[in-house]
Amino acid sequence: MNNAVPARIAGILINSLKGGVVPRVGLEYITVGRAQEIAAILHDIDMISDGGASFRFIVGKYGSGKSFLLQTIRNYATAKGFAVVDADLSPERRFAGTKGQGLATYKELLHNLSTKSKPDGGALPLILEKWISGVQAAVKTQTNLEGEAFDAEVEKQIFAVAGSLEGMVNGFEFAKAIVAYWRAYRRDDAAKKSNVLRWFRGEYPTRREAKADLDINFIVTDETWYDFLKILATFLVSAGYRGLLVLIDELVNIFKIPNSITRQNNYEKILTIYNDVLQGKAKHIGFLMGGTPQCVEDKYRGVFSYEALRSRLAEGHFATDDIKDLTAPIIRLQMLTQEEMYVLVEKLRDIHAQLYNYAPALTHEDLLYFLTVEYNRVGADTHITPREIIRDFIELSGILHQNPQKSVADILGSNSFEMAKGGLTDEEIHAEFVEFEV
């Protein structure tokens, strides 16, 4: 294998994909296709870095690669100096709700706050301390101050950054929390730092408790969590990051809400975010939301049931499945082609062999054999997904490795292969898949 995959990464890739889960690391080793979609989103990321904002829906069928694409972008963004937050929606996590579901989404996003040096989440303390260290380094470079005079100048600079946030909605409280963290940092007060972090994460249940611990008469709520993300994005830029990317998957959980008023409230929150982005009210922040075609396009329960969103998001008259407008707010994912699936299973063959330390035994013909069987299952033309094919292939690779006396035909069954061939000869099958030659 030309590009060896680190053993830890190879293990995560194989085990995650076998379980039908998108791995959070190593995706660059198995990314196939999606070049146009990724290029469009990376253009958005450049705009965010320049002070703009972006909003996209990533729409595709179950197993088509939505989550994979979101994680690929997540890894790219952190590598390029962005902070990224991500969350999957659920019955407990929504954009709005009567039982704190919006706040629950915010908590999950902050819990998963990731950076290049902290890629697995929990990056908030690191970000705050990196920011303070940066201010201290700047003061040290610009002055010859020491001791209390040095601390006073650092505090002055921190107040200046905090002051720049105060003009934003809820910015005054955010600024007070930043200053409180600096003072706790200077005094090495671990308990106070922990309380400030709790406040940032939306974990204070009442204003009274926040007031008692931090002298801040405000907490993050269902109504204010989105405003806090906008402030956080501005603060992150002052801390040396290029911006904030917000990834929200499983939009189908809004579609599934039985109460129409609650659904509409959630779509109204999405509309608020969308309008902010397009009207320039949000800066240094981007949103990517993943969902199925039904949860977006259904006129009774989906995003398009909210007329204000439908009128903004509906495509014009000229885009088709073959001719896509990748500057539109909705990026629609088509299933990977058979050629792309061949390249993917070839990569997985090599990674599996490397992980278990054996020479790849599956030949080009074996891979064609496997894909022929997969694509000729009953209903495969409408229902088969990359996720299923990947899971089947990893299972096949494992069985063959553990049973070296068996052949691919032994495992897949000659009868299934004959049915898959539909009476074709081996030569005819090879001709059908000749485009797979790589």
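**Close-ups of a predicted model**

**View 1: Glu340 and its distant partners.** Glu340 sits in helix α15, which covers residues 338-355. Keep in mind that this is a predicted model. Glu340 is partly exposed, because its relative accessible area is 24% and buried would mean under 20%. Along the chain, Glu340 and Val32 are 308 residues apart, yet in space their C-alphas are 6.2 Å apart. If you skip the neighbours within four places in sequence, Glu340 is in contact with Val32 and Gly33.

**View 2: Strand β1, covered on both faces.** Here's β1, made of residues 53-59, and 7 of its 7 residues are buried. In a regular strand, side chains alternate between the two faces of the sheet. On one side of β1 you'll find Ala53, Phe55, Phe57 and Val59, while Ser54, Arg56 and Ile58 are on the other, and all of them are buried.

**View 3: The strands that pair with β1.** β1 runs parallel to β4 (residues 285-291), and the two pair over 7 bridges. Look for Ala53, which stands opposite Ile285 in β4. β1 also pairs in the parallel sense with β5 (residues 330-332), this time over 3 bridges. In β5, Arg332 is the bridge partner of Val59.

**View 4: Helix α7 and what covers it.** With 16 residues (171-186), α7 reaches 23 Å from its first C-alpha to its last, close to the expected 22 Å. Plenty to spot here: its buried residues include Phe174, Ile178, Tyr181 and Trp182. Among the elements covering the buried residues of α7 are α5, α6, α8 and α10. After α7 comes Asp188, with a positive phi near 55°.

Technical notes. Residues are numbered from 1 along each chain as its sequence is written. This is a predicted model: local features need pLDDT of at least 70, side-chain atom pairs count only at pLDDT 80 or more; totals for chains, interfaces and linings use all residues. Side-chain values use heavy atoms; hydrogens and water are left out. Helices (H or I, at least four residues) and strands (E, at least two) are DSSP runs, numbered from the N terminus. The expected span of a helix is 1.5 Å times one less than its number of residues. Buried means under 20% relative accessible area, exposed over 50%, partly exposed in between (1.4 Å probe, protein chains only). Contact means heavy atoms within 4.5 Å. Two strands pair if DSSP finds at least two bridges between them.
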